[in-house]
Each structure stands twice: as structure tokens, then as C-alpha cells.
Amino acid sequence: MSDQIDSQRKEALRGGDAARVLESPAFNAAMQMLKDDIVTKWAEAPVRDVEGQRLLLQLHKLANKFEGLLTGMVETGKLAQIKLDAERDESVARKLFRRVI
């Protein structure tokens, strides 16, 4: 049980860290600049440069994936925090009863 609580605490902390990153104006500006640069380069790429266009598409998908992973960490952290709060609010008698069953 203690390992599970430790794991939930780590997830909650990681989620908080990820939330601070996503809320950071510097991070948001950098991500927007990155995505804008990729789209600009993609639009400027010659039609015959299929490989270059493919690489830019992959880079765009990677940037979106990175943001999605951070968002997922935030949501996982929120869920872990809810579970920790519920565990903390549970009475001692109820914990004992749950362990017996």
C-alpha cells in the first residue's frame, strides 16, 4: 500500500511540475514559435522536396506529441492527487475494514 501511495505522490508532483511548464509564458511562446517556424518552412518547401516536407510533418507531429505528453502528466497528477486526498480523508476504521476484506 505504501508503494502505491509513494507512486501516487510522485505522479502528483510530476503533474504539478508539468502544469507549471504548460502555464509558463516562456514555454508557450517557445512552442508557438517552434510550430510557426515549422509551418512556415513547410509552406516554403519546394513541391519536389517530398522528403523535406515529410520531415517537417514529423517535426510538427513531434511538437504536438510533446505538448500532449505534458498535458497527460497534468491529468494523471490531478487524478493521483484526488486519490491521495481520498486516502487521507478515509477514517482509520474504514481503512482497517477495507484491508480485512
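User: Which residue does Glu67 form a salt bridge with?
Analyst: Glu67 pairs up with Lys35, and their closest N and O atoms are 2.4 Å apart. Keep in mind that this is a predicted model.

User: Ok, and where in the chain do those two sit?
Analyst: Glu67 is in helix H3 and Lys35 is in helix H2. They are 32 residues apart, so the pair links distant parts of the chain.

User: Is Lys35 buried or exposed?
Analyst: Lys35 is buried, since its relative accessible area is 16% and buried means under 20%.

User: How many salt bridges are there by this rule?
Analyst: The count comes to six. One of them joins Asp6 and Arg9, with the closest N and O atoms 3.6 Å apart.

User: Where do Asp6 and Arg9 lie?
Analyst: Both are in helix H1, three residues apart, and that is about one turn of the helix. Asp6 is partly exposed at 34% relative accessible area, and Arg9 is partly exposed too, at 48%.

User: What about Lys78, which residue is its partner?
Analyst: That would be Glu75, and the closest N and O atoms of this salt bridge are 3.7 Å apart. Lys78 and Glu75 both belong to helix H3, with their positions three residues apart in the numbering, about one turn of the helix.

User: And how accessible are Lys78 and Glu75?
Analyst: Lys78 has a relative accessible area of 47%, which makes it partly exposed. Glu75 also counts as partly exposed, at 43%.

User: Switching topic: which residues make up the largest nonpolar core?
Analyst: There are seven: Ala18, Ala19, Phe27, Met31, Ala63, Leu70 and Val74. The elements that give two or more residues to this core are H1, H2 and helix H3, which covers 50-89.

User: Which of them gives the most?
Analyst: H3 does, with three residues.

User: Why would nonpolar side chains be buried together?
Analyst: I can only give you the general pattern: in soluble globular proteins, nonpolar side chains tend to be buried together.

User: Last thing, how do the axes of H1 and H2 cross?
Analyst: The axes of H1 (residues 2-23) and H2 (residues 25-44) come within 5 Å and cross at roughly 65 degrees.

User: And which residues in H1 and H2 meet?
Analyst: On the H1 side they are Val21, Leu22 and Glu23, and on the H2 side Pro25, Phe27 and Asn28. By class, this contact has four nonpolar residues, one polar and one charged. Phe27 is also part of that largest nonpolar core.

Note on methods:
Residues are numbered from 1 along each chain as its sequence is written. This is a predicted model: local features need pLDDT of at least 70, side-chain atom pairs count only at pLDDT 80 or more; totals for chains, interfaces and linings use all residues. Side-chain values use heavy atoms; hydrogens and water are left out. Axes are lines fitted to C-alpha atoms, for helices over the stretch in contact, and angles run from 0 to 180 degrees between N-to-C directions. Helices (H or I, at least four residues) and strands (E, at least two) are DSSP runs, numbered from the N terminus. Contact means heavy atoms within 4.5 Å. Ala, Val, Leu, Ile, Met, Phe, Trp, Tyr, Cys and Pro count as nonpolar, Asp, Glu, Lys and Arg as charged, and the others, Gly among them, as polar. A nonpolar core is a set of buried Ala, Val, Leu, Ile, Met, Phe, Trp, Tyr and Cys residues joined through side-chain atoms within 4.5 Å. Buried means under 20% relative accessible area, exposed over 50%, partly exposed in between (1.4 Å probe, protein chains only). A salt bridge is a side-chain nitrogen of Lys or Arg within 4 Å of a carboxyl oxygen of Asp or Glu.
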